[in-house]
Amino acid sequence: MRQLRNNLIWGYYRFKYKGVKKPMKYFNEEHNLFRESLREFLEREVSPNIEAWEQAGKIPKSIWKKMGDMGFLGLSLPEKYGGGNLDFFFEVIFNEELGRLNSGGFVITQQVVQYMSAPYIYKYGSDKLKEKYLPGIISGDLISCIGITEPDAGSDTKNIQTRAELIDNQYVINGSKTFITNGVYGDFVVLVVKTESQAGSKGMSLICVDLNQDGITKNKINKLGWHSSDTAELGFDNVKVPKENLIGEEGKGFYYLMNGLQLERLCFLPSNVATMEFALSESLFYMSQRKAFGRTIDKFEVLRHRVSQLSSDLEALKAFSYYCCNLFDKGIYDVKLCSMGKLLVTELHEKISTQCLQFFGGNGYTEDYPMARMFRDSRIGTIGGGTSEIMRDIIAKVIIDDVKYKEAKSHDNLNEGSISHNSNFLNQENISSLEKSDNYDLSLALKNIINAENTINITIKQINQSDDNGIKKSSSQAIRHQIAQLASEIECYKQFVYSICNSLEIKENIEKEILMAKLTSIQLIDKVVSECFEMFGPYDTLEDHPLAKIFQDSKMIQISNSKRDLHANISKLIIEDKS
Ligand SMILES: Cc1cc2nc3c(=O)[nH]c(=O)nc-3n(C[C@H](O)[C@H](O)[C@H](O)COP(=O)(O)OP(=O)(O)OC[C@H]3O[C@@H](n4cnc5c(N)ncnc54)[C@H](O)[C@@H]3O)c2cc1C
């Protein structure tokens, strides 16, 4: 039924379909059609109202109902509950199109519903709970929240104190939560509670709690950004909830959360990438109009180089984002990659909104231009959903301590054979074949990535060895985080180069992307080698140093490849030849 409705809706838009930019290998005609129809809807129904909703601090619920009627919600949830049963790239498009609106408050309201709370019910809830809540989530009638954080437990999730005691077939809940998105606005919360206070993480459970009942107090928090979304403190005073509202099994809440948080982090990637693309395109337009010293400001070298740098970083991150989403679509999501993606995308978002605001000069600081809102909205990225420090902690555990987080399944029909981690393309054979086909820039990029990866692996080995006092450098949190950051950047640029190699096969015109890969890989190897050298500490002679050869090679690469020239060429392709 739902599918039929979607077909009719998209069929109508097929008539109007003018074609999206360049077809990407992840998107087919149906995806493109869906994007067109969603974009048209958002431009008509949402964009003109965003400013008013930001000022009112509230989004009218009728808009979610309209989106539900159009079949835009619950895209990958089962048809049985009204969902679309569609692949994950429809969700990617959903996030990208919402991200383009440049309203973090609008995006997060529905992200919390679709990706941060409903999936726990869908994956672990009883049939009864699914029937009670999922149809409303998909039709846009219900707004949900996820209640983890407490006044005394944020990053340290295991330390939550909210208790749920089972008395006469009812849970009696006492405690408080804070920073809960949709807390005042929402209809129910997936609440994280302790059902056994002495059992640590094994005493945690998830319970669906309707928010309009006695014993619940709600206070809206005033905050820096995300003005259209509400963030609330919630108090629970002897709140009674039927036993059947427990999601899954008692004591498994922490395990469910660790699974679910990966999707939460993953959906930040496409939405943030799209917001950053919007920032750059708005900036380029502004720079092409604004004049200073007798010329448009997009003629100034330093601004052009900054555009080149930010665009290159963003293009790489977009490739990495699609790679992570593709793995999820194939059935797995990887704790390390989701954490790396969340770390990089939110850090870059903050940088891009700061630097793009700078392009607008004084106008950037006013509410008449889009950058002020983006600037304040982007600041939460490195905090919410796990801070950057916590992301680096998780990544370090995987790559330094070899902690194995079980790869979570995103859906049941996992096809292990179809999953490629793209790591095998880093080899000499591929470098030689790129050289043979005169792709010297790309072969250099590939070499740089291989060298960066070797450098980090050698360094991890070294810091895991004890010194004379029996202390390992890998016990230093500063070193661990530094390694985690470098390893994340290597993974990101690796997937960028890989995606370009793939595009070569389908003969796309990717001159700009190749230059970007060359630039970023040169910067990467320089950064990785310099920082790893420092981590090794003093050495008697440079010749004996395990990184000596890579160090010399990377310096030769810096000498023989001018980054200034690369920036000049990339910015020319972006600014002058953008047609
Ligand atoms: C607008 C907004 C919306 C939110 N929405 C929700 C929501 O819907 N549901 C929900 O449950 N929560 C939500 N949160 C809470 C958010 O997830 C937490 O703020 C976040 O996890 C950080 O926790 P905290 O604020 O308690 O900071 P803390 O944990 O107190 O951390 C403070 C600082 O110490 C650092 N730190 C902590 N531990 C370590 C460590 N081991 N090593 C190094 N540094 C460390 C942190 O990185 C941070 O910089 C929201 C927050 C905001 C601001």
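From which domains does the shell around the ligand draw at least three residues each? In this predicted model, the answer is domain 2 (146-251) and domain 3 (259-418). These belong to a chain that is divided into domain 1 (2-141), domain 2 (146-251), domain 3 (259-418) and domain 4 (428-575). As a guide to the overall arrangement, the C-alpha centres of domain 1 and domain 4 lie 39 Å apart.

The surroundings of the ligand can be described further. The ligand is surrounded by 23 residues, the closest being Ile148, Gly154, Ser155, Phe179 and Thr387. Two or more residues of this shell come from each of the elements β1 (144-147), β3 (170-181) and α12 (388-399). Sorted by class, the shell holds ten nonpolar, ten polar and three charged residues.

The next feature is a helix pair. Two packed helices are described by the angle between their axes and the distance between the axes. For helix α9 (residues 301-330) and helix α15 (residues 477-505), the axes come within 8 Å and cross at roughly 85°. Angles of 65 to 115 degrees count as roughly perpendicular, and α9 is therefore roughly perpendicular to α15. On the side of α9, the contact is formed by Glu315, Ala316, Leu317, Ala319, Phe320 and Tyr323. From α15, the residues that take part are Cys492, Tyr493, Gln495, Phe496 and Ser499. The classes represented in this contact are eight nonpolar, two polar and one charged residues.

One residue of that contact, alanine 316, also serves as a reference point for lysine 220. The C-alpha atoms of lysine 220 and alanine 316 are separated by 38 Å, with their positions 96 residues apart along the chain. Lysine 220 itself lies in strand β6 (residues 216-220). Its environment contains 14 C-beta neighbours inside 10 Å, so lysine 220 counts as partly exposed. When neighbours within four places in sequence are left aside, the contacts of lysine 220 are Val184, Asp230 and Ala232.

Backbone geometry singles out two aspartates. Most residues other than glycine have a negative phi, and most peptide bonds are trans. Aspartate 168, by its phi near 50°, has a positive value in a residue other than glycine. This aspartate 168 is located in the loop between β2 (163-167) and β3, where β3 is one of the elements that contribute to the ligand shell. Because it has 7 other C-beta atoms within 10 Å, aspartate 168 is exposed. Aspartate 402 likewise is not a glycine, yet has a positive phi of about 60°. The loop that holds aspartate 402 runs between α12 and β12 (408-409), and α12 is also among the elements giving residues to the shell. Aspartate 402 counts as exposed because it has 9 C-beta neighbours inside 10 Å.

Three helical residues complete the survey. Is phenylalanine 285 buried or exposed? The residue is placed in helix α8 (residues 253-289). A residue counts as exposed if 12 or fewer other C-beta atoms lie within 10 Å of its own; phenylalanine 285 has 11 and is therefore exposed. Its C-alpha atom and that of leucine 86 are separated by 36 Å, the two residues being 199 apart along the chain.

Aspartate 69 belongs to helix α4 (residues 62-69). With 13 other C-beta atoms within 10 Å, aspartate 69 is partly exposed. A distance of 25 Å separates the C-alpha atoms of aspartate 69 and leucine 263, which are 194 residues apart along the chain.

Arginine 39 is situated in helix α2 (residues 29-45). Since it has 18 C-beta neighbours inside 10 Å, arginine 39 counts as partly exposed. Between the C-alpha atoms of arginine 39 and glutamate 96, 57 residues apart along the chain, the separation is 9.8 Å.

Key:
Residues are numbered from 1 along each chain as its sequence is written. This is a predicted model: local features need pLDDT of at least 70, side-chain atom pairs count only at pLDDT 80 or more; totals for chains, interfaces and linings use all residues. Domain bounds come from an automatic or database domain assignment. A residue is near a molecule or strand if its C-beta atom, placed from the backbone, lies within 6 Å of it. Helices (H or I, at least four residues) and strands (E, at least two) are DSSP runs, numbered from the N terminus. Ala, Val, Leu, Ile, Met, Phe, Trp, Tyr, Cys and Pro count as nonpolar, Asp, Glu, Lys and Arg as charged, and the others, Gly among them, as polar. Axes are lines fitted to C-alpha atoms, for helices over the stretch in contact, and angles run from 0 to 180 degrees between N-to-C directions. Angles under 35 degrees count as roughly parallel, over 145 as roughly antiparallel, 65 to 115 as roughly perpendicular and the rest as oblique. Two residues are in contact if their C-beta atoms, placed from the backbone, lie within 7 Å. A residue is buried if 20 or more other C-beta atoms lie within 10 Å of its own, exposed if 12 or fewer, and partly exposed in between; C-beta atoms are placed from the backbone.
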